[in-house]
Amino acid sequence: MSHTTPRAATRAIRFLSVLLFLFVAWLFDFILSDIGNSKGPQLQTYHSEAVDPALVQREQDLIQETTKLNGSKNRQKEIQENLRASMEVAKETMEQMAGLHRLSLERGIEPSTDQSKAIAEAQQRYIQSQSSFEEANEKIADLNASAHALGQELNYTREMLEEQRKPAFEKWQRAHDVHEFKAAGLKLIFIVPVFLLGAFSIARRKDSLYRPIFMAIFVASFWQLGLVMHEHFPSEFFKYIAILAGIVIVMTFLVRTLQSAAKPQPAALLNRRREAYHKEICPACAYPFPNARATAYTCPSCGTGLFSACSSCGESRHDLLSFCSHCGSDRS
Ligand SMILES: [Zn+2]
Ligand SMILES: [Zn+2]
């Protein structure tokens, strides 16, 4: 972008460059994820190859049996709750009846046969509920014992399965690592050349009109390269690479800036001189020069010749600019 580019155009170029960067980064992202998309080794396959299917079936059966057993246990507990409630009702009735019976005897009244019958019935019900309750207790104890045995067998089966799965998992892990490594390699084969090409274009074609385009491609590929490294390499390793890349980039820019400050490029130098003459200060040391001066004028501060007599027309001309402002003769 030269300094003669209008401001609106500069802004448009910047905006389009950023837009281009976003699209290129997006495109690279798609390409890279397609490269890394190939299906890797499946853990399920490795497991089913190593594990005895009968053992897996046994595990399933044991789980089913345990579920069924727990169902029966809950049913027995429900029954017990009901029995407990009816036992309490029977007990209450029995006590009430016994109270009435005692009252009648105290008052010297002969208790009716109905009363005696009701007491006997309540007693009967109470005793029945109690024995059913005991029965349920026994059933629960039996079920608990079976559940315990089932649980032990299930644990044992699972341990055996785990033992069979462990080497399969290790084998899968190794295959998975190899697959990931290959995917990372393929991604790098794509992105590293793009990155290098971008860097090369920027370094080699400094004055190219298409520099913003190279820049967008370079920055996008650098960004994606960072992402690939981050995804596929251990974070310890990545940390050093990222820091080293950062140092290299910052140093490159710093060295460039230092070089151009020490030995300005012709365009930058001309620009600086033009601005200084325009502001009526010495381009070398910024000491102001007077408006009214002799044909030839030297900066009193640093000794740089600022004006001299034109070799064509004899008028006073800018010593550090290319053309005479009076006759237009080119000195360079
Ligand atoms: Zn000066
Ligand atoms: Zn002249």
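## Starting at a glycine

Let's begin with Gly303, which sits in the loop between strand S1 (297-298) and strand S2. Keep in mind that this is a predicted model. Is Gly303 buried, exposed or partly exposed? With a relative accessible area of 48%, Gly303 is partly exposed, because the partly exposed class runs from 20% up to 50%.

Now pick out Ile109 as well. Gly303 and Ile109 are 194 residues apart in sequence, and their C-alpha atoms lie 147 Å apart in space.

## One zinc site: ligand 1

Which residues hold the zinc ion (ligand 1)? Its protein donors are the SG atoms of Cys282, Cys285, Cys299 and Cys302, at 2.1 to 2.3 Å. Along the chain, these donors follow the pattern C-x2-C-x13-C-x2-C. Cys285 belongs to the loop between helix H7 (266-279) and S1, while Cys302 is in the loop between S1 and S2, so this pair ties together parts that are 17 residues apart in sequence.

As for geometry, the site of ligand 1 is tetrahedral, with angles of 105 to 115° among its 4 donor atoms. That label fits because four donors count as tetrahedral when all angles lie between 85 and 135 degrees. Cys285 is partly exposed at 32% relative accessible area, and Cys302 is partly exposed at 37%.

## Another zinc site: ligand 2

The zinc ion (ligand 2) is coordinated by the SG atoms of Cys310, Cys313, Cys324 and Cys327, at 2.2 to 2.4 Å. Here the donor spacing reads C-x2-C-x10-C-x2-C. Cys313 and Cys327 link distant parts of the chain: Cys313 is in the loop between strand S2 (305-309) and strand S3 (316-318), and Cys327 is in the segment after S3, 14 residues apart.

What shape does the site of ligand 2 have? It is tetrahedral, and the angles among its 4 donor atoms are 102 to 116°. Cys313 has 33% relative accessibility and counts as partly exposed. Cys327 is partly exposed too, at 36%.

## The helix H3

Time for a quick sanity check on helix H3, which covers residues 53-106. How far should its 54 residues span? At 1.5 Å a residue, the expected span is 80 Å, and the end C-alpha atoms are 79 Å apart, so the two values agree.

Have a look at both ends of the helix, too. Asp52 caps the N-terminal end of H3, with a side-chain oxygen 3.2 Å from the backbone nitrogen of Ala54. Just after H3, Gly108 takes a positive phi of about 75°.

Notes
Residues are numbered from 1 along each chain as its sequence is written. Chains are lettered from A and ligands numbered from 1 in the order in which they are written. This is a predicted model: local features need pLDDT of at least 70, side-chain atom pairs count only at pLDDT 80 or more; totals for chains, interfaces and linings use all residues. Side-chain values use heavy atoms; hydrogens and water are left out. Donors are N, O and S atoms within 2.8 Å of the metal (3.2 Å for Na, K and Ca); water is not among the atoms, so sites may look incomplete. Four donors count as tetrahedral if all angles lie between 85 and 135 degrees; four count as square planar and six as octahedral if opposite donors are over 155 degrees apart and all others between 65 and 115; anything else is irregular. Helices (H or I, at least four residues) and strands (E, at least two) are DSSP runs, numbered from the N terminus. Buried means under 20% relative accessible area, exposed over 50%, partly exposed in between (1.4 Å probe, protein chains only). The expected span of a helix is 1.5 Å times one less than its number of residues. A polar contact is a pair of N or O atoms within 3.5 Å; within protein, one must be able to donate a hydrogen and the other to accept it, and residues adjacent in sequence count only if both atoms are side-chain atoms.
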